[in-house]
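The following note is offered to a colleague who is about to examine the model. The points are numbered so that each can be checked against the coordinates in turn.

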Amino acid sequence: MAAASYPARKFGIHSAMSMYQAEKRCPELIIKPPRFKAYKTYSRIVMGILRNVSPVIQQVSVDEAYLDLTQQIDHWSIAESKLRAVQRKISRDIGLSASIGLGTNKMIAKIASDMEKPNGFTVIPPGTEKRFLEPLLVSKIPGIGPKTVNKLAGIKVTTVKDLAQISEIELAEKFGKWGRDMYRWARGIDDRIVHEGHEAKSISTERTFSIDISEYAELTTILQRLSGQVSRQLQKEGFRGRTVSVKVRYADFETYTRQVSLNKYTDLENDIYQAAIELFDKSWIAGSPLRLLGVGVSNFATPEQQLSLDI
Amino acid sequence: MKISTSKTELQSALQKLSKATPVRSTLPILNSVLFVAENEGVLLRTTDLEITIIVPLEASLEDTGSAAVPLHTLLEITNELPETRITISIDAQNRVELSTEMGVYDLMGKPADEFPAIPDVDKQKTLSMATNVMRDIIDNTSFAVSKDELKPALTGVLFQFNEQNLTSVATDGHRLVRYIRTDYQTDAFSGDIVVPRKFLGLLGNFLSEEDNIDISLGDKHLIARIGKNTIITRLIDERFPDYDTVIPRDNEKRLTVERETILGAVRRVSIFSNKSTHQVALRIIDEKVTITTEDPEKASRAQENVSASYSGDDLVIGYNANYLKDILAHIKVEKIIIDLKTPISAGLFYPEEQANNSDLTMLLMPIRLND
């Protein structure tokens, strides 16, 4: 069983179940062979609709994608109405249902989209992430699989609220670097950016300081160095991008990523640094000690392309 | 076999013949020239298995026979000799001796029967063509032929024979040339053949000597006879794509420009373009074409303005300068017309005034610009 429709799921049928099991649970079950070509076609249509909403799109599978609307909207409510329109358009144009989750980062949006299916629409407004997450089972967090769920159960953690009460050090000891990620996930923090495609569509670098830094001059020096590193990497890989992002993490692990679009594609250190410093000035609460600083460039130019005759 | 000839005769024949020998081959015999000395005369032959060249050698015959002789050694020594008589003797063991008044040179040949036979060409249809027609076709089309061996059909020029005219087409997928001669008709053959680029290039070397070439068409081969020389080529056994559907009919933005002026500008500006993309941009506004390029890697840029007449909305379009120069250089008229539509669709290039009896149209696909 590769997939099961929502009505079939009501009988307890799910993907990866044997055909025999499935028919036992629902004798009237209609079984169809897969039609990958059709799925691809529909997928392309849906992705086309999404691309019209925002060019910053990351397709993660045939039927799942992240959209970054930061550049498209200046108010939260506009995002909601835009996405409602997308849902209607998908339904009207090709008769498919789509579930949408709207949140301040990829993790929140993903969990939200899973809340209600089919044809769900779940909005987690900024500031309500914690309240939204706390009652959920840890297994709802993408990246926490059955094995981790069991391990967490061993330390009496079943909900996200439970998880949020474990210290970072303890999680790190038990799960390594991953534990640090879980610590942030439990707080609704996810600073992965939406990037196109599967291959590198952004180049970024960051530095975690051994001692928190609060000196402006020192931080901007680091910013310059990071900009240089990103620039060299871009040039090495032959990319030019027009979105520059800066990531700051405070001593208390609050992490912010801000990005800005330039009016041209660039791979030059100075362009990146100028944009980065501007973003940094906006992001940094002067004098607050920082634990991490990062610079990234994304939204790469499609390579200038010699077009071909259709023969 | 024993013959004697002059340095000039031998050199001229070998130079023509050397064009067919392959640069690299797994078959060593192909690096040889086959001598066939018979009472009717001496014929020399080379082949790369695709193309076979047969050239007669003016020589006095003392003894008939045949053998394959290493071509490059023979050509080298011939080049180094002053004008003199050369006597070539080959014995039954294929030992070759060249004797001249300067000295004697020996080398080893190979038996004639190891040399590939002349291909059998059956069901021949024979037609004749003025050399200038063939030359014009070669000059106008062969630059646009693809070098991509993965698309065999595009590695040759399409000839479409019919009772009204002769249409020749070449494309590499980025540009396309269609050249029609309305002054050529034949009722001997009607249909399409795809002729390899290498053959056409080679044929060009033979054309100056005669007014006419005789062409015999078989199912798989073409034989061209120019005077006493014969070139046989295998035809490309692939269907040429339907080129007609890609020729735009609705390019309504029309640019008319002096060819030398715009070609000169593109040549100068492109010196400063990126060495891998060769990208230049044409900004066409009102009666002016601004040609620009920029190479961020080398921090170089260039710009020139060319005046032109233009009807249509403003347009910015990018091209590979090499392709653009090729096209502009091959439309040898004072003024050319460029019909455009969008920055991502094919532009149509042709002479403001077509030459008598011909119709020349070129297509060039742009480079998609990203900012």
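1. In which loop of chain A does Pro118(A) lie? Pro118(A) belongs to the loop between α5 (106-115) and β4 (121-123) of chain A. The model is a predicted one, and the remarks below should be read accordingly. The peptide bond that joins Lys117(A) to Pro118(A) is cis, with omega at about -5°. As general background, most peptide bonds are trans.

2. Lys117(A) also appears in a second context. Together with Glu64(A), Lys110(A) and Asp114(A), Lys117(A) is part of a network of salt bridges. Within this network, Lys110(A) and Glu64(A) form a salt bridge whose closest N and O atoms are 2.4 Å apart. Lys110(A) is located in helix α5 of chain A and Glu64(A) in strand β2 of chain A, so the pair ties together parts that are 46 residues apart in sequence. Glu64(A) counts as partly exposed, at 27% relative accessibility.

3. The loop that precedes strand β2 deserves a separate remark. Val62(A) is found in the loop between β1 (57-61) and β2 (64-67) of chain A. With Phe36(A) and Tyr39(A), Val62(A) forms a nonpolar patch on the surface, and the accessible area of these residues together is about 320 Å². Taken alone, Val62(A) has a relative accessible area of 44% and is therefore partly exposed; membership of a patch requires over 30%.

4. Next comes the packing of two helices in chain A. In general, such a pair is described by the angle between the axes and the distance between them. Helix α3 (residues 36-53) of chain A packs against helix α4 (residues 76-94) of chain A at an angle of about 150°, and their axes are 10 Å apart. This angle makes α3(A) roughly antiparallel to α4(A), because angles over 145 degrees are classed in that way. The crossing of α3(A) past α4(A) is right-handed.

5. A search of the whole structure finds 28 salt bridges over all chains. Among them is the pair formed by the side chains of Lys247(A) and Glu206(A), at 2.7 Å from N to O. Lys247(A) lies in strand β6 (residues 241-250) of chain A and Glu206(A) in strand β5 (residues 202-213) of chain A, so the pair ties together parts that are 41 residues apart in sequence. Lys247(A) is buried, with a relative accessible area of 14%, whereas Glu206(A) counts as partly exposed at 40% relative accessibility.

6. Chain B offers a further salt bridge, between Asp359(B) and Arg178(B), with the closest N and O atoms 3.4 Å apart. The two residues link distant parts of the chain: Asp359(B) is in strand β27 of chain B and Arg178(B) in strand β14 (residues 175-181) of chain B, 181 residues apart. Asp359(B) is partly exposed, with a relative accessible area of 25%, while Arg178(B) is buried, with a relative accessible area of 15%.

7. Which residue lies in the loop between β26 (347-351) and β27 (358-364) of chain B? Asn357(B) is found there. Asn357(B) is not a glycine, yet its phi is positive, at about 65°. Asn357(B) has a relative accessible area of 41% and is partly exposed. His278(B), likewise a residue other than glycine, has a positive phi near 55°, and is placed in the loop between α5 (259-270) and β20 (279-285) of chain B. For context, most residues other than glycine have a negative phi. These backbone values may be inspected alongside the cis peptide bond between Lys117(A) and Pro118(A).

8. Two C-alpha separations complete the note. Glu129(A), in helix α6 (residues 129-133) of chain A, is 59 residues from Gly188(A) in sequence and 5.9 Å from it in space, C-alpha to C-alpha. Glu129(A) counts as buried, at 12% relative accessibility. In chain B, Ser208(B) lies in the loop between α4 (197-206) and β16 (212-217). The C-alpha atoms of Ser208(B) and Ile226(B) are 9.4 Å apart, and the two residues are 18 residues apart along the chain. Ser208(B) is exposed, with a relative accessible area of 60%.

Conventions. Residues numbered from 1 in each chain as written. Chains lettered and ligands numbered in written order. Predicted model: local features only at pLDDT ≥ 70, side-chain atom pairs only at ≥ 80, totals over all residues. Heavy atoms only, no water. Patch = residues over 30% accessible without salt bridge, like charges linked within 9 Å, V, L, I, M, F, W, Y side chains within 5 Å. Areas by Shrake-Rupley, 256 points an atom, 1.4 Å probe, with all protein chains shown as cover. Salt bridge = Lys/Arg side-chain N within 4 Å of Asp/Glu carboxyl O. Helix = DSSP H or I, 4+ residues; strand = E, 2+ residues; numbered from the N terminus. Buried < 20%, exposed > 50% of the residue type's maximum accessible area, 1.4 Å probe, protein only. Axes fitted to C-alpha atoms, helices over the stretch in contact; angles between N-to-C directions. Parallel < 35°, antiparallel > 145°, perpendicular 65-115°, else oblique. Left-handed = near helix turned anticlockwise from the far one by under 90°.
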